[in-house]
Amino acid sequence: MLFLSKKQDWLGNIRGDVLAGLVVALALIPEAIAFSIIAGVDPKVGLYASFCIAVITAFVGGRPGMISAATGAMALLMVTLVKDHGLHYLLAATLLTGVLQIIAGYLKLGGLMSFVSRSVVTGFVNALAILIFMAQLPELTHVTWHVYAMTAGGLAIIYLFPYIPVIGKSLPSPLVCIVALTAIALYLHLDIRTVGDMGALPDTLPVFLWPDVPLTLATLQIIFPYSAGLAVVGLLESLMTATIVDDLTDTTSDKNRECKGQGLANIGAGLLGGMAGCAMIGQSVINIKSGGRGRLSTLIAGSFLLIMVVFLDAWISRIPMTALVAVMIMVSIGTFSWRSLINLKHHPLSTNIVMVATVIVVVWTHNLAFGVFVGVLLASLFFANKISHFMYVESKLDEENSTRTYRVFGQIFFNSADKFSAAFDFKEAVEKVVIDLHRAHFWDITSVTALDKVVIKFRREGADVEIIGMNEATSTLIDRFGTHDKPEEIEKIMGGH
Amino acid sequence: MNTDTNLVLACIDGSSLTEAVCDYAAWIAQRVDAPLKLLHMIDHHHEAAALSDLSGNIGLDTQEHLLEELTAVEQQYGKLRLHQGKQLLQAAKERVIRRGIVEPITNQRHGSLVESLIEIEDSLRVLVIGLRGKVHENQPDKLGAKLESIIRSLHKPVLVVNDAFKAPQRIMIAYDGSKAADKAVEMVATSPLYKGLTCHLVCVGKDESAMKQLLETAASKLTKASGIEVITQILPGKPDQVLCEYQDKHTIDMTVMGAFSHTRIHDLLLGSFTAKMLLNTHKPLLLLR
């Protein structure tokens, strides 16, 4: 299945895909270089990775039209690995990342994305945008005023050039920005840092390269924590981006195939001397905006990127870093969800806390996986808390028979069990207590234990306790929702709500 | 979904064969006394971009704006297609009513034709479809874009219409002794559709006694069913050529045969007999899988 694709996915939109692929390739070059610098490796590592990942996902990815390459989210995770152990451990970690992602694909872990709520996704992209922006700051501190002027000018070109009639919408403005700033720097002989100062650029096509690391348990101990983090973050960003592309194009994608595709792409990147990567939100949006829809757009982007870099390496090394900074600031502005700031006012507090907490944890730890973990955890706790409000107990006293009847309604689980226990009046002296559970749902052992305790307490006070409707109430005590997911079963369990 | 069963389903797309498709569907529906449903699909070509802006930058909430923009463009386009489809269906409905169908059902759906047909397969009795749709309308050497996929994925009879309607008098069964061919004989023998028609049972191959035997059995099956006059024939030569020649010579109005009994790979290498028949014949083909 991994290599099957419909003819329409390749040839349904040739013109649009080719043009969009070229636009994306041009935008990928500065990004790949910038992310290599973040990771602390030569620009060629990021460029080879972007080529491999884009080309491989074009064939095996689950989401046609999505752009995958070397990314900031992944680069941030490898910084310490590269610093402490060097490039070859990064390549080994990249291979392992790919293996882990393929396993995730076969285990169908793509479905776990449903636990990642909207606010966590928003927090993720905002945090990513902030990190990309922060990664540019070293280029903007302790520098001459030329750099600030060039960066501001670059941003002005990027955002104002498209307003020029005719050529504005047919030439990618980031390319215009790079060409213009390079020309200015060369003409004025400005002494500012260039891409060539940051490390080696590719001068040949990538070659097969087995990571030069000892195949020992010690190596695995070093790379596994990094690979696990890379695999998680890579899949998270890829699946989020796939959803964004799904929405923009009003089509569907195969999320588990995407997991496997990302894995294969990373293995390919690792074997050709590239770093791990994943889908890119910004570039995928640019691709769709430029009219790219099919697999062809991703293939063109990857292959054109390599051709450009290999044949124009002399020129690319002269690009001033300020031009890259301007492009990266654009990516960060475009990735950030500005609407989420306005929405803070309208959304419920719990949602806002989840979003902001995700951002804070990511910016603090520089690890998107931790942020998502905290976000998902918080969102689940808030949800459990909300559901526990849907529980109440009403009671009626039959003075003649000295009988108190409690009728329990709603969801009883670990979070609402105390509230459930507190609803009974143990001080009341009655002969008999009836607890009617027809309309209650017991979801876990905590709630069942709470019920047992209530019964024991009443008994100790000298009352007879009768429980009715127990079967209906505990039929919700299901661990796996396999045989119970038919409409009539759900009606039986949740009946009355 | 709906609860209709036993439907005669006519797929229309506004191409030149649409009227013939309606006529044949109406003819079948009347003869077998089954409900007639007219289906028009709006296949949004999401794989092609509606707009393209090569400025290559992303700014404040580009993603949201892009979504709004794309939605607006596609909404307009969608409304247009919806409206055109409604008109097509209305015209088709009037046409089949004139042909005596009392209450034709019309249905318009979004999505790909093949997928929707698979979904509603159980409610079908027979599918009527044109040899070519809009895409290949003026290319006589090409089959319809989705025809083979449809025939391969459905397990119901498919009538492929390739010319203006003419009420069939003489039909031909292309018989080769295979399971699909026996099924074809079975169907012709039992369905009220073929009552009173002449049936040519034709086999292409060497004139062997075994073949003759098979042909005789099939013929007797047919004659047992009331009102079908059977003529058997064994002809030498290349099946598709011979059958088409025979068709012309005896003014056959419709051919019944099994379809695509080989895998796609086999057909890719050796060429499909069904595809050749579809391209060469001038009369409608009723295909069985």
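Here are a few worked exercises on the predicted two-chain model above.

Residues are numbered from 1 along each chain as its sequence is written, while chains are lettered from A and ligands numbered from 1 in the order in which they are written. Since the model is predicted, local features need pLDDT of at least 70 and side-chain atom pairs count only at pLDDT 80 or more, whereas totals for chains, interfaces and linings use all residues.

**Exercise 1. Work out the strand order of the sheet in chain B and find its edges.**

Step 1. Helices (H or I, at least four residues) and strands (E, at least two) are DSSP runs numbered from the N terminus, and two strands pair if DSSP finds at least two bridges between them.

Step 2. Reading across, you get 3-2-1-4-5-10-9-6-7-8, an open sheet of 10 strands with mixed pairing.

Step 3. Strand 3 (105-110) and strand 8 (229-235) of chain B each have a single partner strand, so one side of each lacks a neighbour in the sheet.

Step 4. On average, neighbouring strands are turned by 20 degrees against each other, direction ignored. The axes behind such angles are lines fitted to C-alpha atoms, for helices over the stretch in contact, and angles run from 0 to 180 degrees between N-to-C directions.

Step 5. At the strand 3 end, strand 2 (residues 36-42) of chain B joins strand 3 of chain B in parallel through 6 bridges, with Ile42(B) opposite His110(B).

**Exercise 2. Follow the pairing from strand 6 to strand 5 of chain B, and say why strand 6 is largely enclosed.**

Step 1. Call a residue buried if 20 or more other C-beta atoms lie within 10 Å of its own, exposed if 12 or fewer, and partly exposed in between, with C-beta atoms placed from the backbone. In strand 6 (residues 170-174) of chain B, 4 of the 5 residues are buried, so the rest of the structure largely encloses it.

Step 2. Strand 6 of chain B runs parallel to strand 7 (residues 198-204) of chain B over 5 bridges. The link between them goes through helix 5 (residues 179-190) of chain B as a right-handed β-α-β crossover, that is, clockwise from the first strand over the helix to the second when the strands point away from the viewer.

Step 3. Met172(B) has His200(B) as its bridge partner in strand 7 of chain B, and it stands opposite Thr255(B) in strand 9 of chain B. Strand 9 (residues 254-258) of chain B is parallel to strand 6 of chain B, with 3 bridges.

Step 4. Next, Thr255(B) bridges to Leu285(B) in strand 10 of chain B; strands 9 and 10 of chain B run parallel, with 4 bridges.

Step 5. The direction flips at the last pairing: strand 5 and strand 10 of chain B are antiparallel, with 3 bridges, and Leu159(B) faces Leu286(B).

Step 6. In strand 10 (residues 285-288) of chain B, Leu285(B) and Leu287(B) point one way, Leu286(B) and Leu288(B) the other, and all are buried.

**Exercise 3. Describe the side of chain A that touches chain B.**

Step 1. Counting contacts (C-beta atoms, placed from the backbone, within 7 Å), 41 residues of chain A meet 23 residues of chain B.

Step 2. Helices of chain A supplying at least two residues each include helix 2 (14-39), helix 8 (173-187) and helix 9 (217-249).

Step 3. Look closer at helix 8 of chain A: among its buried residues are Leu175(A), Ile178(A) and Leu181(A), and the cover over its buried residues includes helix 2, helix 7 and helix 14 of chain A.

Methods
Two residues are in contact if their C-beta atoms, placed from the backbone, lie within 7 Å. Ala, Val, Leu, Ile, Met, Phe, Trp, Tyr, Cys and Pro count as nonpolar, Asp, Glu, Lys and Arg as charged, and the others, Gly among them, as polar.
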